[in-house]
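Trainee: I would like to go through this structure with you. Could we start with the charged pairs?

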Amino acid sequence: MAEQTTLPEDFGEAAGAPHDSATVPGAQPDAVGAKSDSAVVRDALGVGIAVGLSGFAFGVTSAGSGLSLLQTCALSLAVFTGASQFALVGALAAGGNPYTAAAGAFFLGVRNSFYGLRLSQLLALPRALRPFAAQWVIDETTAVTLPQPTRRAARIGFAVTGLTLYVLWNLTTLLGALGAEALGDTDAWGLDAASPAVFLALLAPMLKSTTERITAALAVLLALGLLPVLPAGVPVLLSALAAPAVLFLSGRRKGQSRGTATAEENR
């Protein structure tokens with residue numbers, strides 16, 4: 001059931017992919033937008049630690065849903081994508097069919113495949129490392145890797161975020177599952193919302209343009225509006241339709257503006 005994303009064969013040579021600053025002859029760090037290794041590590045550790053600690057919430061929620069300690073830890077080790085894990089245990093807790101719950105979690109994790117398509121170009125990893133890197137292709141590693149100005153920085157950001165998050169997520173999952181009994185009613189704590197809340201807090205500062213903010217707002221409205229009527233995981237997938245919808249409307253508005261400007265010039 002591991003939701004690993006296979007990195008494509010044509011890795012690393014697409015136009016627009018960052019290159020090691022050392023490959024740019026005579027370039028100064030400022031000229032290529034270079035970033036110190038320590039700065040990349042600091043940012044990656046910040047994301048990895050902040051999100052990794054929320055694995056405690058999954059451990060508690062999973063144990064409270066009736067899964068055993070072994071099952072809970074196996075999910076974090078093999079699946080390693082928080083949204084799918086929460087969707088699975090949430091569906092099981094609601095009395096859903098295990099196969100239906102697993103299918104919903106799988107389709108929710110399909111988004112990682114699209115991350116892999118882009119990250120394969122940025123990281124250009126050796127063939128032997130790609131299967132291992134695929135396990136770490138998730139929201140948080142993608143968010144840290146994509147903004148990096150060079151391939152070296154992208155690799156460092158991906159590796160540090162992935163390693164930190166994987167270790168902490170699995171450790172706190174174990175602690176959460178062990179401590180679930182002491183917490184009592186896990187639903188009353190609302191811990192299943194912890195991981196999404198942390199990721200949204202990390203993502204929010206990246207929404208700088210009006211188009212990005214409108215897209216995010218529309219995606220939230222779609223997800224929340226469809227949540228009561230569709231199976232777990234499906235509303236999140238459908239919320240991705242916000243991006244093409246906003247881009248279409250934005251392009252259409254710009255086209256109309258150009259048309260109006262052209263008409264006025266021809267008068």
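Mentor: Certainly. The model is a predicted one, and a search of the whole structure finds three salt bridges.

Trainee: Which residue forms a salt bridge with Asp 37?

Mentor: Arg 152 does, and the closest N and O atoms of the pair are 2.5 Å apart. Arg 152 belongs to helix α9 (residues 151–183) and Asp 37 to helix α1 (residues 37–52), so the salt bridge ties together parts that are 115 residues apart in sequence.

Trainee: Are Arg 152 and Asp 37 buried or exposed?

Mentor: Neither label applies. Arg 152 has a relative accessibility of 48% and counts as partly exposed. Asp 37, at 30%, also counts as partly exposed.

Trainee: What about Arg 111, which residue is its partner?

Mentor: Arg 111 pairs with Asp 139, with the closest N and O atoms 2.9 Å apart. This pair links distant parts of the chain, since Asp 139 is in helix α8 (residues 139–145) and Arg 111 is in helix α6 (residues 111–123), 28 residues apart.

Trainee: And how accessible are Asp 139 and Arg 111?

Mentor: Asp 139 counts as buried, at 14% relative accessibility. Arg 111 is buried as well, with a relative accessible area of 17%. The cut-off for buried is under 20%.

Trainee: Then Arg 42: which residue does it bridge to?

Mentor: Arg 42 forms a salt bridge with Asp 43, and here the closest N and O atoms are 4.0 Å apart. Arg 42 counts as exposed at 55% relative accessibility, whereas Asp 43, at 31%, counts as partly exposed.

Trainee: Changing topic to the fold. How many helices and strands does the protein have?

Mentor: The secondary structure comes to 13 helices and zero strands.

Trainee: How much of the chain is buried?

Mentor: Of the 267 residues, 38% count as buried. The protein exposes about 14,700 Å², and carbon and sulfur atoms supply 66% of that area.

Trainee: What share of the contacts comes from residues well separated in sequence?

Mentor: Among contacts with a separation of 6 or more, 78% are accounted for by residues 24 or more positions apart.

Trainee: Let us turn to helix packing. What do we need in order to describe two packed helices?

Mentor: The description rests on the angle between the axes and the distance between them.

Trainee: What are those values for α4 and α5?

Mentor: Helix α4 (residues 82–93) packs against helix α5 (residues 98–109) at an angle of about 160°, with the axes 8 Å apart. That makes the two helices roughly antiparallel, and their crossing is right-handed.

Trainee: Which residues meet there?

Mentor: On the α4 side they are Ala 83, Ser 84, Ala 87, Leu 88, Ala 91 and Leu 92. These meet Pro 98, Ala 101, Ala 102, Ala 105, Leu 108 and Gly 109 of α5.

Trainee: And how do α2 and α3 cross?

Mentor: The axes of helix α2 (residues 55–64) and helix α3 (residues 69–78) come within 9 Å and cross at roughly 135°. The two are therefore oblique to each other, and this crossing is right-handed. Phe 58, Gly 59, Ser 62 and Ala 63 of α2 make the contact with Thr 72, Leu 75 and Ser 76 of α3.

Trainee: Staying with α3, what can you say about Ala 74?

Mentor: Ala 74 lies in helix α3 and counts as partly exposed, at 38% relative accessibility. The C-alpha atoms of Ala 74 and Asn 170 are separated by 9.0 Å, although the two residues are 96 residues apart along the chain.

Trainee: Backbone angles next. What is unusual about the phi of Phe 80?

Mentor: Phe 80 has a positive phi of about 50° although it is not a glycine. Phe 80 sits in the loop between α3 and α4 and counts as buried, at 3% relative accessibility.

Trainee: And what is the phi of Ala 124?

Mentor: Ala 124 has a positive phi of about 45°, and it is not a glycine either. Ala 124 lies in the loop between α6 and α7 (130–134) and is buried, with a relative accessible area of 13%.

Trainee: One last residue: where is Thr 215, and what does it contact?

Mentor: Thr 215 is in helix α11 (residues 210–226) and counts as buried at 18% relative accessibility. Leaving aside neighbours within four places in sequence, Thr 215 is in contact with Ala 242, Ala 243 and Val 246.

Technical notes: Residues are numbered from 1 along each chain as its sequence is written. This is a predicted model: local features need pLDDT of at least 70, side-chain atom pairs count only at pLDDT 80 or more; totals for chains, interfaces and linings use all residues. Side-chain values use heavy atoms; hydrogens and water are left out. A salt bridge is a side-chain nitrogen of Lys or Arg within 4 Å of a carboxyl oxygen of Asp or Glu. Helices (H or I, at least four residues) and strands (E, at least two) are DSSP runs, numbered from the N terminus. Buried means under 20% relative accessible area, exposed over 50%, partly exposed in between (1.4 Å probe, protein chains only). Contact means heavy atoms within 4.5 Å. Accessible areas come from the Shrake-Rupley method with a 1.4 Å probe; for residues, only the protein chains shown count as cover. Axes are lines fitted to C-alpha atoms, for helices over the stretch in contact, and angles run from 0 to 180 degrees between N-to-C directions. Angles under 35 degrees count as roughly parallel, over 145 as roughly antiparallel, 65 to 115 as roughly perpendicular and the rest as oblique. A crossing is left-handed if the near helix is turned anticlockwise from the far one by less than a right angle, and right-handed if clockwise.
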